[in-house]
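Here are a few short exercises to work through with the model open beside you. Try each task before you read its solution.

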Amino acid sequence: MRRATIVPFLVLLNAAKCSAFGFAPVFKTAGSPVAALASRSLLRSSSSPDILSEQIEDMVVSETSRRGIFRRSVSLLTIGSCLPSFIANAEESSATEQTFTVVFTIQLDSSRPEELSELEIECHPDWAPDAAARFRELVELGFYKDSPFFRVLPGFIAQFGISADPSFNKQWMYCDTSDAEAVKLCKQPLPDEPRKVPNKKGTLSFASSGKNSRRTQVFINLVDNSGLPNFLDGQGFVPFARIVRGEDIVKKLNDEYKGNVNQGKAAYYGKEYFEKVFPRLSVIRDAKIL
């Protein structure tokens, strides 16, 4: 009778404890090594009191000690059965949510092309996986190479994300309907994601023009924009990265043009428009993933 009641109890206990840790239990069949171990260590005594006496002849067989042995045995079995699921979940989590670092090489002053500064950005897929993946893709593509900070508003944001290459903008920003190749290669905007962290100073979020409209433009929060007076959190802007080195560089970005850049013309003409109409913008000369 004792054999029949203990086995289901162990299985249910394992399931409950594994679930409490946040992962599914791994059950072993009756013929597996774990099941055999459980039978030998916990159930052998059910058939013969003499065998039990031989196994624990050096121990004080009291009700307290038996309960202690049982609890320790159950704990070991629970840990052993849960461990494979824990390892699998941990590996999957690290593969999908591992942070990565992007470095921008920035030319602050167009009159001094030899003077370059670095901005180091730590990207967090666990904050916003779609946004982080899109940013990585654009960096690897070279989309941000020679892209200027075209909208710098002191006490608010610094925005970039219009490529110097018009062909990129045709595919990623507005899908030029007159260009068959651009239409075929047109990239869809990102779906909205829930916000997990606030738009604090130094965080980066994708700009948008409405629901499910994030494409290529990104802004750096120059101050805490989560609440008053700008309320970016309430407007659905979702941070996906933060500056970890070079905050002093952000403070030096050229802000003389404020928000006067015509984004439509900038996207259509690219570098030519920026250099002729807004020649003193601070520019991202290179972007790479470390």
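**Exercise 1.** This is a predicted model. Take strand β5 (residues 157-160) and work out which residues lie on each of its faces, and whether they are buried or exposed.

*Solution.* Start with the rule that side chains in a regular strand alternate between the two faces of the sheet. In β5, one side carries Ile157 and Gln159. The other side carries Ala158 and Phe160. These four residues are all buried, and both faces of the strand are covered.

**Exercise 2.** Find the strands that pair with β5, and say how they run.

*Solution.* Begin with β4 (residues 151-153): 3 bridges join this strand to β5, and the two run antiparallel. Here Leu153 stands opposite Ile157. The hairpin of β4 and β5 has 3 residues between the strands, and Gly155 takes a positive phi near 75 degrees there. Next comes β7 (residues 218-221), joined to β5 by 4 bridges, again antiparallel. In this pairing, Val218 of β7 is opposite Phe160.

**Exercise 3.** Locate Asn254 and decide whether this residue is buried or exposed.

*Solution.* Asn254 sits in the loop between α8 (247-250) and α9 (263-269). Its relative accessible area is 17%. Buried means under 20%, so Asn254 counts as buried. Setting aside neighbours within four places in sequence, Asn254 contacts Val152, Arg280, Leu281 and Ser282.

**Exercise 4.** Classify Tyr269 by its accessible area, then name the surface patch residues.

*Solution.* Tyr269 belongs to helix α9. With a relative accessible area of 42%, Tyr269 is partly exposed. Together with Tyr174 and Tyr268, Tyr269 makes a nonpolar surface patch of about 310 Å².

Technical notes
Residues numbered from 1 in each chain as written. Predicted model: local features only at pLDDT ≥ 70, side-chain atom pairs only at ≥ 80, totals over all residues. Heavy atoms only, no water. Buried < 20%, exposed > 50% of the residue type's maximum accessible area, 1.4 Å probe, protein only. Contact = heavy atoms within 4.5 Å. Pairing = 2+ DSSP bridges. Patch = residues over 30% accessible without salt bridge, like charges linked within 9 Å, V, L, I, M, F, W, Y side chains within 5 Å. Areas by Shrake-Rupley, 256 points an atom, 1.4 Å probe, with all protein chains shown as cover. Salt bridge = Lys/Arg side-chain N within 4 Å of Asp/Glu carboxyl O.
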